[in-house]
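Please open the model in your viewer and keep the selection tool at hand, and we will go through it one stop at a time.

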Amino acid sequence: MKTNPIILAIESSCDDTGAAVLCGRKVLSNVVAGQSVHEKYGGIVPELASRSHQQNIVPVVHQALEKAGIKKEEIDAVAFTKGPGLLGSLLVGSSFAKAFSMALNKPLIEINHMEAHILAHFIEGDAAPEFPFICLTVSGGHTQLVKVSAPDKFEIIGETIDDAAGEAFDKIAKIMNFPFPGGPMIDKLSKEGNPNKFAFAHPKVPGLNFSFSGLKTSVLYFLKKEVAKNPNFIEENKVDLAASIQKTIIDILMKQLRIAATQNNISQIAIAGGVSANSGLRAALKAESQWTTFIPKFEYCTDNAAMIGIAAYYKFMKGEFSDQSSKASARLEM
Ligand code: KG4
Ligand code: ZN
């Protein structure tokens, strides 16, 4: 088995079309095309996402190969996101990858998107966590506490029972009339606001699970009440509102993460997923001096194909390949 395989990886689970080329654990190129088409709807429209992937996939792959300086014939395997995600979006990436692998007569590798977010920590560059470690994976669709014992051994020890953390950021931002996706906007405004100005209750959830739908509802009712008294309430208080909401979400996440670390006696702690780009969460993690913490580079937090490539590297080394019968799966479990 080749020790430094050249892998072309494709990501299309949601609204970003990504292609990356890796040589072993090293990223040679990582191209992402976002989709601004959803902005005016305040959320992702699945049919539009799938259509944009169809338009983007060929130029994105072409660019990734060109940037990496790799010819199609030099590729050792083609990897793609099998799931979880939006089925119409996943189908574009999976069909493309299958066709590409068949045309080149190269092996195909299917990847779980949530495992890939975690394995992004093993991309060559910064120090990687030692096994076992705990990863708080926080994205637009998922919020999970995962005990990772090996590159192919994941145990979900806690997860959200309703909305994901990113969804909470986005839905609350929508209530406040911020553009989609609201997470980055709340993060930006928070930097100028007072996080202790407004207090929102924490959910009562058993074990290591999370819940964010109650927070969304309590923000909604609080704002309705305040706006009835002062129609400019949101505009006048937007930085303090953003900072207070962000603090609440981070406090909820950090509380469960601390319990998970103590219960499992693990001090190697990582975060992953789109919300790990949040400056408040990154700062909160760094402040935990009893842990060795791992925070992905910004470009590997939100959806990207380099993380699919690193996950594929580990499967390549084990000879775990798929064939043309491989199917996209919207609800793929870890
Ligand atoms: O992992 P990701 O790119 O896509 C999914 O797999 O869902 O995560 C997207 C989520 C969105 O909810 C977005 O608002 C959130 O990540 N996000 C952030 C920040 N950047 C992205 N949330 C808070 N602060 C940020 N800086
Ligand atoms: Zn993701």
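How far from an oxygen atom of ligand 1 does a polar side-chain atom of His117 lie? Select both, and you will find 3.2 Å between these two atoms, a polar contact being a pair of N or O atoms within 3.5 Å. This is a predicted model, in which local features need pLDDT of at least 70 and side-chain atom pairs count only at pLDDT 80 or more, while totals for chains, interfaces and linings use all residues. Residues are numbered from 1 along each chain as its sequence is written, ligands are numbered from 1 in the order in which they are written, and side-chain values use heavy atoms, with hydrogens and water left out.

Next, select Asp187, where a polar side-chain atom lies 2.9 Å from a nitrogen atom of ligand 1, and then Asn278, whose side chain has an N or O atom 3.0 Å from a nitrogen atom of the ligand. Taken alone, ligand 1 exposes 560 Å², of which the protein buries 89% (accessible areas come from the Shrake-Rupley method with a 1.4 Å probe).

Now show the whole shell of ligand 1, whose 19 residues include Gly140, Asp170 and Asp303 among those that come nearest (a residue is near if one of its heavy atoms lies within 4 Å). Colour domain 1 (6–121 + 301–317) and domain 2 (130–295) separately: both give residues to this shell, so ligand 1 lies between them, with the domain bounds coming from an automatic or database domain assignment.

Finally, select residues 17–23 and 26–33, the antiparallel strands β2 and β3, which seven bridges join (strands are DSSP runs of E with at least two residues, numbered from the N terminus, and two strands pair if DSSP finds at least two bridges between them). Ala19 has Val31 in β3 as its bridge partner, and in the turn of this hairpin Gly24 has a positive phi of about 60°.

Note on methods. Polar contact = N/O pair within 3.5 Å; in protein donor to acceptor, adjacent residues only side chain to side chain. Helix = DSSP H or I, 4+ residues; strand = E, 2+ residues; numbered from the N terminus.
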